[in-house]
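Here are some short exercises to work through with the model open beside you. Try each task yourself before you read its solution.

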Amino acid sequence: MLKFTLLVLLCLLTSCIEGVSRPCVLKDYGQGHRVCVCNATYCDIIYRVQTINKDEFVSFISSKDGLRFNRVNGKLSNNSGLPQASNLQTAVSFTINPGKKYQKIMGFGGAFTDSAGINIKSLSKLAQENLMRSYFSEHGIEYNLCRLPISGTDFSTHPYSYDDGTPDPQLSRFALAQEDLEYKIPLIQWAKNMSEKEIHLVAASWSPPPWMKTNNDYSGFAFLKEEYYDLYAKYLLRFLDEYKKRDVKIWAMSTGNEPSNGILPIKRFNSLGWTPVSVTNWTVNYFGPQLKNSVHNDTILLAFDDQRLFLPWWINLMVRADKRILEYINGFAVHWYWDFLIGVKVINDLHEKYPEKFTLYTEASIGDKPWEKKVDIGSWERGEMYIADIIQNLNAWVTGWLDWSLALDTTGGPSWAKNQVDSPILVNSSADEFYRQPMFYAMGHASKFVEREGVRLQVTPTVTRDVHATAVQNPDGRIVIIMLNKNTVSIQVSVGIGEKGWINMELPARSFATILC
């Protein structure tokens with residue numbers, strides 16, 4: 001305890017120096033598994049980079065060996081710093097073309113689940129403050145795009161909707177749940193007040209009230225009864241009404257979370273089955289027109305909200321069923337869980353077929369597979385999985401990337417469906433502390449530095465010798481380069497950026513890097 005207190009005092013003193021971030025207090029679980037410990041009195045922070053000289057760059061490095069947002073300033077060079085041919089096995093080169101621009105970036109974030117609220121609220125007030133600052137303040141990783149479940153999910157303590165019981169065709173019983181009033185809305189308001197950036201919310205429904213469904217249950221094989229197509233649209237608009245009354249604006253909604261899970265319920269949790277044809281019918285003839293004619297007509301609509309292994313044919317079938325669907329949807333929501341089964345080419349194909357629509361990754365977590373540990377505390381490999389997927393998908397027209405629950409306990413819950421998974425932040429309420437995992441820093445290497453409306457730039461190549469890269473130009477002109485070195489040795493990297501010159505630097509073994517210039 002004395003050692004921790006002395007380290008905290010040292011960190012507090014050094015953080016008073018302008019531009020010096022407050023370092024992580026590492027806790028080592030062995031075999032390279034490390035977390036940063038935060039509590040009511042201390043948490044590592046990362047300051048924004050206010051100015052960069054024209055002939056300089058700033059890099060931030062996190063590594064398996066324990067670096068977390070370690071800042072290094074460097075000078076731009078007139079030429080590549082690659083070594084002689086004998087050392088090329090530990091050297092790579094990338095070229096960024098600022099004149100070749102692609103999609104605009106919308107943001108990064110996580111989800112305001114019931115489980116997140118329960119865990120955050122289990123901490124003391126000051127520890128809660130530090131956790132929320134970790135995500136939303138200028139000293140944290142500055143999330144600006146978050147997901148909001150409509151009623152219950154598998155990450156609730158029980159299944160519920162906003163109108164449970166017997167059929168209620170007038171929606172006379174409709175009411176927000178205690179979880180909305182105690183957890184979701186207060187945390188959203190807290191995040192909004194803490195953030196200097198506007199936080200966009202993407203809402204999605206897992207299941208309507210069971211009486212609207214063919215199996216009269218929250219989960220399992222089931223579809224929406226056709227006699228309730230109109231009523232379910234009204235139900236979702238009532239959700240928008242109730243949140244608007246509480247000063248929470250919903251930027252986007254999806255047509256429903258993971259419709260495939262209601263058709264192939266491999267895991268039983270809140271779900272509603274849709275086929276491409278049925279969801280198109282409901283959207284075009286019921287929900288789409290009602291949303292457009294409501295006071296919420298600036299809330300945009302996203303189709304799909306499921307795994308990319310169903311792309312692009314799912315969307316193609318929707319369009320084939322009724323081309324008017326393209327008048328109602330603004331983009332496509334995608335989940336990451338089975339990305340390893342099918343290449344990113346399907347995302348490129350989707351953009352090529354529907355270039356006027358954007359693609360947004362709306363959910364990711366690790367620990368859901370039968371062969372995975374639910375929680376693997378301090379796992380660097382899981383951080384690598386996150387940042388590799390972010391880089392890959394940004395390079396394929398994806399506009400943003402969302403993690404799942406903002407915080408879970410050290411078992412990966414609570415989850416009424418026993419569907420526990422890992423999280424960037426784990427809460428240990430008995431010790432009144434929380435742990436920022438490598439996944440947190442993987443998210444932060446993008447969310448902290450890439451601004452909304454930034455534009456992706458051409459990078460050549462995007463992967464070489466297990467070093468991955470993507471680049472974005474922020475609205476202020478600053479270029480942000482995100483890199484991953486999966487090698488077990490350090491790599492010399494040279495990055496050419498047009499007339500700006502060359503960045504020559506070393507990427508430590510098993511590291512993430514964000515470079516600003």
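A residue is called buried when its relative accessible area is under 20%, exposed when it is over 50%, and partly exposed in between. Please keep in mind that this is a predicted model.

**Exercise 1**

Task: Decide whether Val455 is buried or exposed, and find what surrounds it.

Solution:
- Start with the element: Val455 sits in strand 17.
- Next, take the relative accessible area, which is 14% for Val455, so this residue is buried.
- Now look for neighbours, leaving out residues up to four places away in sequence: Val455 touches Lys101, Tyr102, Gln103, Lys104, Ala471, Val472 and Gln473.
- Finally, try a distance: Ser494 is 39 residues from Val455 in sequence, and their C-alpha atoms are 22 Å apart.

**Exercise 2**

Task: Classify His351, Thr411 and Asp432 by their accessibility.

Solution:
- His351 belongs to helix 9, which covers residues 345-353. Its relative accessible area is 17%, so His351 is buried.
- Thr411 is found in the loop between strand 14 and strand 15. With a relative accessible area of 49%, Thr411 is partly exposed.
- Asp432 has 22% relative accessibility and therefore counts as partly exposed.

**Exercise 3**

Task: For Thr411 and His351, set separation in sequence beside distance in space.

Solution:
- Thr411 and Val427 are separated by 16 residues in sequence, and the distance between their C-alpha atoms is 9.5 Å.
- His351 and Leu402 are separated by 51 residues in sequence, with 19 Å from C-alpha to C-alpha.
- To complete the picture for Thr411, list its contacts beyond four places in sequence: Lys374, Val375 and Gln420.

**Exercise 4**

Task: Look at the backbone of the loops. Which peptide bonds at Pro414 and Pro461 deserve a closer look?

Solution:
- A rule of thumb first: most residues other than glycine have a negative phi, and most peptide bonds are trans.
- Gly413 and Pro414 are joined by a cis peptide bond, with omega about 5 degrees. Pro414 is in the loop between strand 14 (408-409) and strand 15 (425-428).
- Thr460 and Pro461 are also joined by a cis peptide bond, here with omega about -15 degrees. Pro461 is in the loop between strand 17 (455-460) and strand 18 (463-464).

**Exercise 5**

Task: Find the sign of phi in Phe69 and in Asp432, and place both residues in the chain.

Solution:
- Phe69 is not a glycine, yet its phi is positive, at about 50 degrees.
- The place of Phe69 is the loop between strand 3 (56-63) and strand 4 (70-75). Its relative accessible area is 7%, so Phe69 is buried although it lies in a loop.
- Asp432, another residue other than glycine, has a positive phi near 55 degrees. Asp432 lies in the loop between strand 15 and strand 16 (433-436).

**Exercise 6**

Task: What share of helix and strand is found over residues 105-450, and what share over residues 455-515?

Solution:
- Begin with the record: an unreviewed UniProt entry lists residues 105-450 as "Glycosyl hydrolase family 30 TIM-barrel". Over these residues the chain is 34% helix and 16% strand, and the end C-alpha atoms are 8 Å apart.
- The unreviewed UniProt entry lists residues 455-515 as "Glycosyl hydrolase family 30 beta sandwich". This stretch is 0% helix and 66% strand, with its end C-alpha atoms 16 Å apart.
- For the whole protein chain, the count is 11 helices and 23 strands.

**Exercise 7**

Task: How does the radius of gyration of the protein chain agree with that of a compact globule?

Solution:
- For 517 residues, a compact globule would have a radius of gyration near 24 Å; the protein chain has 23 Å, so the two agree.
- Along the principal axes, the C-alpha atoms fill a box of roughly 70 × 55 × 40 Å.
- Buried residues make up 62% of the 517 residues.
- Take the contacts between residues at least 6 apart in sequence: 73% of them join residues at least 24 apart.
- The protein chain exposes about 19,800 Å², and carbon and sulfur atoms supply 53% of that area.
- Last, the charges: the mean positions of the 53 positive and 54 negative charges are 2 Å apart.

Terms used: Residues numbered from 1 in each chain as written. Predicted model: local features only at pLDDT ≥ 70, side-chain atom pairs only at ≥ 80, totals over all residues. Heavy atoms only, no water. UniProt positions renumbered as here; feature names shortened; annotations may be inferred. Helix = DSSP H or I, 4+ residues; strand = E, 2+ residues; numbered from the N terminus. Rg over C-alpha atoms; globule rule 2.2 N^0.38 Å. Buried < 20%, exposed > 50% of the residue type's maximum accessible area, 1.4 Å probe, protein only. Contact = heavy atoms within 4.5 Å. Areas by Shrake-Rupley, 256 points an atom, 1.4 Å probe, with all protein chains shown as cover. Lys, Arg positive; Asp, Glu negative; His and termini not counted. Charge placed at Lys NZ, Arg CZ, Asp CG, Glu CD.
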